[in-house]
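Here is a short briefing to read alongside the model. Keep the 3D view open and follow the bullets at your own pace.

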Amino acid sequence: MSIYSAIKFKFPCSRHGEPHKDNFHKHEHFGENQEHDVRYDHEAFLGPEADEFVKLTPLESQKRLRVIVTNLIDANKDGLVSYEELSVWIEKQRKSFMYEDIDKRIKKEDKDGDRQISWEEYAKAEYGEWDETNLPKDHNLRRQISKAQYKFNAADADKNGKMNRDEYVDFEHPEENKKMEDIALDEVIEDVDQDGDGVITVGEFLGQYQDENDPPAWVKRQRSEFHKKFDKNGDGKMDREEAREWVLRRETTPTTKQRI
């Protein structure tokens, strides 16, 4: 039984062609065959408390959900849930996941106990023992370290050489901060652009899927979205500015309300 059975509203929860991978969700939004995993929605709605709800009976979960909707989501207490109210709640849960993950990282990496992460603390935790005079010999690793240090410095807003909680969130999720959007864009393009020409073809957009003869529905949808929504000039590729809308796209806001 779905945990949403006690709540009488619908909201858009599927968005394919997603450029960012949620490293704080335990379940993928879509599986290998692009089948929707409702557990992702549970986590998106309930945040870090999703695991607790799994242990409840259907009746208990309905009661808990009604309390959440009535007391926490229905902000104007009109007995209805608007898209705006639901969006605020989902965003709050998303942020809770982010900060829960960052708090775990800080607890693990913070060696001097100041609740902040210096570049040295981060680099040691992420890349192991080395120093500026003895960089790793592996070229790709050195390049990763250099890029990470550049992003660290960009996230360090107060320029004290350390990342606090908010700055660490910006470091891990640069797409969340307007000032770091170009870094997020660079990361996604580099990850998706397999031939390194600076643009994204439809094949790169689709990833490993190569079958052209009888593609499944999700491939047809993504291919159509690529050409109709992102490839503005119709040249069969996404350049940097076209990719910006894909990487940093914002949702439109419906105005419908649903009764609790």
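Two residues are said to be in contact, or to touch, when they have heavy atoms within 4.5 Å. With that in hand, Phe 171 touches Tyr 122, Ala 148, Lys 151, Phe 152, Ala 155 and Met 163, not counting residues up to four places away in sequence. Please bear in mind that this is a predicted model.

**Overall make-up**

- The protein chain contains 11 helices and six strands.
- Of its 260 residues, 39% are buried.
- Taking contacts between residues at least 6 apart in sequence, 58% join residues that are at least 24 apart.

**The nonpolar cores**

- The largest nonpolar core has 18 residues, and those touching the most other members are Trp 119, Tyr 122, Tyr 127, Met 163, Tyr 168 and Phe 171.
- At least two residues of this core come from each of helix H4 (83–109), helix H5 (119–127), H6 and helix H7 (165–172).
- There is also a second, separate core; it has 16 residues, among them Ile 189, Phe 205, Phe 230 and Leu 248.
- As background, nonpolar side chains in soluble globular proteins tend to be buried together.

**Helix H5 and its surroundings**

- Which residues of H5 are buried? They are Trp 119, Glu 121, Tyr 122, Ala 123 and Tyr 127.
- The cover over the buried residues of H5 includes H4, strand E2 (117–118), H6 and H7.
- Just after H5 comes Gly 128, which takes a positive phi of about 90°.

**Helix H6 against helix H7**

- A pair of packed helices is described by the angle between their axes and the distance between the axes.
- For H6 and H7, the packing angle is about 140° and the axes lie 9 Å apart.
- That angle makes H6 oblique to H7.
- The crossing of H6 past H7 is right-handed.
- On the H6 side the contact is made by Ala 148, Lys 151, Phe 152 and Ala 155, and on the H7 side by Glu 167, Asp 170 and Phe 171.
- Sorted by character, the residues of this H6 and H7 contact are four nonpolar, no polar and three charged.

**Helix H6 against helix H8**

- Helix H6 (residues 139–155) also meets helix H8 (residues 181–192), where the axes come within 11 Å and cross at roughly 155°.
- H6 is therefore roughly antiparallel to H8.
- H6 passes H8 in a left-handed crossing.
- Arg 143, Lys 147, Tyr 150, Lys 151 and Ala 154 of H6 meet Ile 183, Glu 187 and Glu 190 of H8.
- The residues of this H6 and H8 contact are three nonpolar, no polar and five charged.
- Lys 151 is worth finding in the viewer: it belongs to the H6 contact with H8, and it also belongs to the H6 contact with H7.

**Two buried residues to look up**

- Is Trp 89, a residue of helix H4, buried or exposed? Its relative accessible area is 8%, so Trp 89 counts as buried.
- Leaving aside its neighbours within four places in sequence, Trp 89 is in contact with Phe 45, Ile 68, Leu 72 and Ile 73.
- One of these partners, Phe 45, is 44 residues from Trp 89 along the chain, and their C-alpha atoms are separated by 7.6 Å.
- Val 69 is in helix H3 (residues 58–73).
- Val 69 counts as buried because its relative accessibility is 1%, and the cut-off for buried is under 20%.
- Between the C-alpha atoms of Val 69 and Leu 80 the separation is 9.4 Å, with the two residues 11 apart along the chain.

**Positive phi outside glycine**

- Lys 77 is not a glycine, yet its phi is positive at about 55°.
- You will find Lys 77 in the loop between H3 and strand E1 (80–82).
- Lys 159, also not a glycine, has a positive phi of about 55°.
- Where is Lys 159 found? Lys 159 is in the loop between H6 and strand E3 (162–163).
- With a relative accessible area of 57%, Lys 159 is exposed.

Terms used: Residues numbered from 1 in each chain as written. Predicted model: local features only at pLDDT ≥ 70, side-chain atom pairs only at ≥ 80, totals over all residues. Heavy atoms only, no water. Axes fitted to C-alpha atoms, helices over the stretch in contact; angles between N-to-C directions. Helix = DSSP H or I, 4+ residues; strand = E, 2+ residues; numbered from the N terminus. Parallel < 35°, antiparallel > 145°, perpendicular 65-115°, else oblique. Left-handed = near helix turned anticlockwise from the far one by under 90°. Nonpolar A, V, L, I, M, F, W, Y, C, P; charged D, E, K, R; others polar. Core = buried A, V, L, I, M, F, W, Y, C linked by side-chain atoms within 4.5 Å. Buried < 20%, exposed > 50% of the residue type's maximum accessible area, 1.4 Å probe, protein only.
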